[in-house]
Amino acid sequence: MAETIQMPKLGFDMAEGTLVRWVKKVGDPINKGDVIAEIETDKATIEIETTASGTILKHLVNEGDVVPVGTDIALVGEPGEATAGAAPAARPTPEVAPEPAPAEAPAAAPTQPAVAVQVKAGDGQLPGGVKASPLARRIARDKGLDLSQIPGSGPGGRIVRRDVEGFAPVQAPAALPKAAPAPVTAPAVAPAAAPSAAPVTPPPSFGPLPEGPDIEVIPTSKLRGRIGRRMVEAKQQVPHFYVTTEMDVEALLKLRQQLNASLEEGAAKISVNDMIVKATALTLRKFPNLNSHFYGDRIVRHKRIHIGIAVALEEGLINVVARDADRTALGTMAAQNKDMVARARDGKVKPEEIEGATFTISNLGPYDVDQFIAIINPPEAGILAIGAAKQVPVVQPDGTLGVSWRMKVTISVDHRISDGAEAARFLQEMKKLIENPMSLLI
């Protein structure tokens, strides 16, 4: 009997994901653990693995569809096996809930309306015979575009995401003035996006959306949207303070050079960031209060130290997590970090690799940035901002002028959890490790 594959929950707060691409086609044989599709969540694009073996009998959702967690997305079974009896397509309940539910729900019985509406959603049907994926509808709504004017390139002329995104901006203005009188146009666009966004991000009152051949309007990605919401929360609700110090990294750089020279060919090189992650984790052992998360009237103090490492992607930032960074050997950590960062940039990171950080590091040193301050990722207590290691003139202990490698480090701390003195002591302890780096190998 055919088995169903469902949209997995890729994170505790995930409610839905966009099926970006089917990796396996209908008719392809698969084994348990094979990657069958790519899902875009609000954190990253993630490959999902099948939980069954057999042959892909049917795709139950289309590329570009927004799919709630737990929805059946594919059928797997023996080649030629009938699939009619399973009728799993009725599962995608929440898909339509955001928009047409209010109009259709009252007309049907208490539990039936959801099913009736779902069938429409799965087909992407709209009044007037227009077919469009849920994602395409959402983007079109946000952009104020009339779907009936957009040619569909999907199966059966279905309008998909690329059709809406590729719709010539020159045509958009022609549709907008018709839809609403001039004074109503500006507010009509802004409120349309607001309901789906978090309440903490009210639509900006920047006036009407600019239009014309000299601009390009780009829909906000899930990841960028999440970053925006989280950072607004952090800046509005988390009272940050910042403490900066300068560290002598001459010995650290020499040790790194020696360690890498001793590695076997092909082994992952140890980066400065790996050593900073290790030093941070060891320092946090002495400052458990900074390895805490804030939950209103309670502070959760973590007994294990998992360091989030900010990774820049084209769509935004994600954190890969170096678990038990204080207990992991430097060489092992370097290999793990390199692997996670590479897969994160390729969109192949696993959910467990971007969840569970207890403290975060952001390093802009590779971009030649001397110093910056980072925004806390709630509910974490703090974040370290690492600048570039640079040769600078320094006054030697004997009073003469010399040259040394220095690096500036700034810690941002939630003042509801800690105070400036503790943050300063944290940096003092970390400085000892960085300036006496052999301690990182113990």
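**Salt bridges and a helix face: a chat**

Modeller: Let's start with a pair: aspartate 326 and arginine 285 form a salt bridge, with their closest N and O atoms 2.9 Å apart. Keep in mind that this is a predicted model.

Colleague: Okay, how many residues apart are aspartate 326 and arginine 285?

Modeller: Look at where each one sits. Arginine 285 belongs to helix H9, while aspartate 326 is in the loop between strand S15 (317-322) and H10. So the pair links distant parts of the chain, and the separation is 41 residues.

Colleague: Is aspartate 326 buried or exposed?

Modeller: Buried means under 20% relative accessible area. Aspartate 326 has 11% relative accessibility, so the label is buried.

Colleague: And what is the relative accessible area of its partner, arginine 285?

Modeller: Anything between the buried cut-off of 20% and the exposed cut-off of 50% is called partly exposed. Arginine 285 gets that partly exposed label because its relative accessible area is 47%.

Colleague: Which helix does lysine 286 pair with through glutamate 429?

Modeller: The side chains of lysine 286 and glutamate 429 meet in a salt bridge, 3.2 Å from N to O. Lysine 286 lies in helix H9, and the pair ties together parts 143 residues apart in sequence, so glutamate 429 brings in helix H11.

Colleague: Where is glutamate 353, the partner of arginine 343?

Modeller: Those two side chains meet in a salt bridge as well, at 2.5 Å from N to O. Both arginine 343 and glutamate 353 are buried. Arginine 343 is in helix H10, and ten residues away, glutamate 353 is in the loop between H10 and strand S16 (359-363).

Colleague: How many salt bridges turn up in the whole structure?

Modeller: Some are linked up: Glu246, Asp248 and Arg406 share a network of salt bridges. Searching the whole structure gives a total of 15.

Colleague: Let's switch to H8. Why do its buried residues line one face of the helix?

Modeller: The buried residues of H8 are Leu252, Leu255, Leu259 and Asn260. Looking down the axis of H8, you see them line one face because they fall within an arc of 130°.

Colleague: Which helices help cover the buried residues of H8?

Modeller: First, the other side of H8: there Gln257, Gln258 and Ala261 are exposed. As for the buried residues, what covers them includes helices H9 (272-286), H10 (330-345) and H11 (420-435).

Colleague: Last one: which residues does isoleucine 227 touch, leaving out those up to four places away in sequence?

Modeller: Isoleucine 227 is found in helix H7 (residues 222-237), and it counts as buried at 17% relative accessibility. With those sequence neighbours left out, isoleucine 227 touches Gly316 and Leu317.

Terms used
Residues numbered from 1 in each chain as written. Predicted model: local features only at pLDDT ≥ 70, side-chain atom pairs only at ≥ 80, totals over all residues. Heavy atoms only, no water. Buried < 20%, exposed > 50% of the residue type's maximum accessible area, 1.4 Å probe, protein only. Helix = DSSP H or I, 4+ residues; strand = E, 2+ residues; numbered from the N terminus. Arc of directions from axis to C-beta. Contact = heavy atoms within 4.5 Å. Salt bridge = Lys/Arg side-chain N within 4 Å of Asp/Glu carboxyl O.
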